[in-house]
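Good morning, and thank you for coming. Please look at the sequence and the model on the screen while I take you through them.

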Amino acid sequence: ETDMQDITNSIRALTHGETDTVALMATVVCEIHHAHPFADWTGFYRVTAPNLLKIGPYQGGHGCLVIPFSRGVCGACARTGQVQNVPDVEVLPVWNGGGKLLGVLDLDSNTPAAFTQADEDWLVPLLAEVFRDAV
């Protein structure tokens, strides 16, 4: 069982006052990856050009380096701004407080149906809080 409050408290303490997007992503991904029982690959893809995601901080084996918005679950999340929860994968959009799409958080698992509505309900507001002042 993930103790979401513990992870939230840890992330809040570690990221307090930080505005650098990559530093925030690195911290968030480390905390989630090590605490979530089903997370086998956890990472951010950053928006680096119009309609283009590039790999950001992650934990696990190699991920795709570049993902166009037109491709796959990560691309669909970036394109639509909607959380994507498909079997064994959850992808959440990451915005700053100004409404700029910074990237997506991709959680992959080897466990079927690993990610639930509870994960989404916890992570969406946490990401909004952490990345509010990100630049």
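Let me begin with a definition: the expected span of a helix is 1.5 Å times one less than its number of residues. Please keep in mind throughout that what you see is a predicted model.

We can apply this definition to helix α2, which covers residues 21-35. How far apart should the ends of its 15 residues be? At 1.5 Å a residue, the expected span is 21 Å, and the end C-alpha atoms of α2 are indeed 21 Å apart, so the two values agree.

Let us stay with α2 and ask which of its residues are buried. Here, a residue is called buried if its relative accessible area is under 20%. In α2, the buried residues are Thr21, Leu24, Met25, Val28, Val29, Ile32 and His33. Viewed down the helix axis, these buried residues fall within an arc of 145°, so they line one face of α2. A general point helps in reading such a list: an α-helix has 3.6 residues a turn, so residues three or four places apart point the same way. What does the buried set of α2 pack against? Its partners are helix α1, which spans 4-15, the strands β1, β2 and β6, and helix α4. At the start of α2, moreover, Asp20 places a side-chain oxygen within 3.2 Å of the backbone nitrogen of Val22.

I now turn to the sheet. Six strands make up an open sheet, and their order across it is β3-β2-β1-β6-β5-β4, with antiparallel pairing. Its edge strands are β3, at 66-68, and β4, at 84-86, each of which pairs on one side only. On average, and ignoring direction, neighbouring strands in this sheet are turned by 25° against each other.

Two helices pack on this sheet. Helix α3, residues 72-80, touches β1, β2, β3, β4, β5 and β6, and its direction makes about 35° with that of β5. Helix α4, residues 117-130, touches β1, β5 and β6, and its direction makes about 20° with that of β5.

Let us follow the strand pairs across the sheet, starting with β1 and β2. These two strands run antiparallel and are joined by six bridges; within the pair, Arg46 stands opposite Lys54 in β2. The hairpin of β1 and β2 has two residues between the strands, and Asn51 in the turn has a positive phi of about 60°. Pro50 also lies in the loop between β1 and β2. Is Pro50 buried or exposed? Its relative accessibility is 73%, so Pro50 counts as exposed. The C-alpha atoms of Pro50 and Phe69 are 8.8 Å apart, although 19 residues separate them along the chain.

On its other side, β1 pairs with β6 in the antiparallel sense over six bridges. Tyr45 has Val104 as its bridge partner in β6.

Next come β5, residues 89-95, and β6, residues 101-108, which pair in the antiparallel sense over seven bridges. Leu92 is partnered by Leu105 of β6, and Val91 by Asp106 of β6. The hairpin of β5 and β6 has five residues between the strands, and Gly99 in its turn has a positive phi of about 85°.

The pairing of β4 with β5 is antiparallel as well, over three bridges. Here Gln84 stands opposite Val91 in β5. In this hairpin, which has two residues between the strands, Asp88 takes a positive phi near 70°. Why may we call β5 largely enclosed by the rest of the structure? The reason is that six of the seven residues of β5 are buried.

I shall close with one residue, Thr15, which lies in helix α1. Since its relative accessibility is 8%, Thr15 counts as buried. Its side chain reaches the backbone oxygen of Ile11 at 2.7 Å. Which residues does Thr15 contact, leaving aside neighbours within four places in sequence? They are Leu24, Thr27 and Val130. Although Thr15 and Val130 are 115 residues apart along the chain, their C-alpha atoms are separated by 7.0 Å. Leu24 is also one of the buried residues of α2, and Val130 falls in the range given for α4, residues 117-130.

Thank you for your attention.

Conventions:
Residues numbered from 1 in each chain as written. Predicted model: local features only at pLDDT ≥ 70, side-chain atom pairs only at ≥ 80, totals over all residues. Heavy atoms only, no water. Pairing = 2+ DSSP bridges. Helix = DSSP H or I, 4+ residues; strand = E, 2+ residues; numbered from the N terminus. Axes fitted to C-alpha atoms, helices over the stretch in contact; angles between N-to-C directions. Contact = heavy atoms within 4.5 Å. Buried < 20%, exposed > 50% of the residue type's maximum accessible area, 1.4 Å probe, protein only. Arc of directions from axis to C-beta. Polar contact = N/O pair within 3.5 Å; in protein donor to acceptor, adjacent residues only side chain to side chain.
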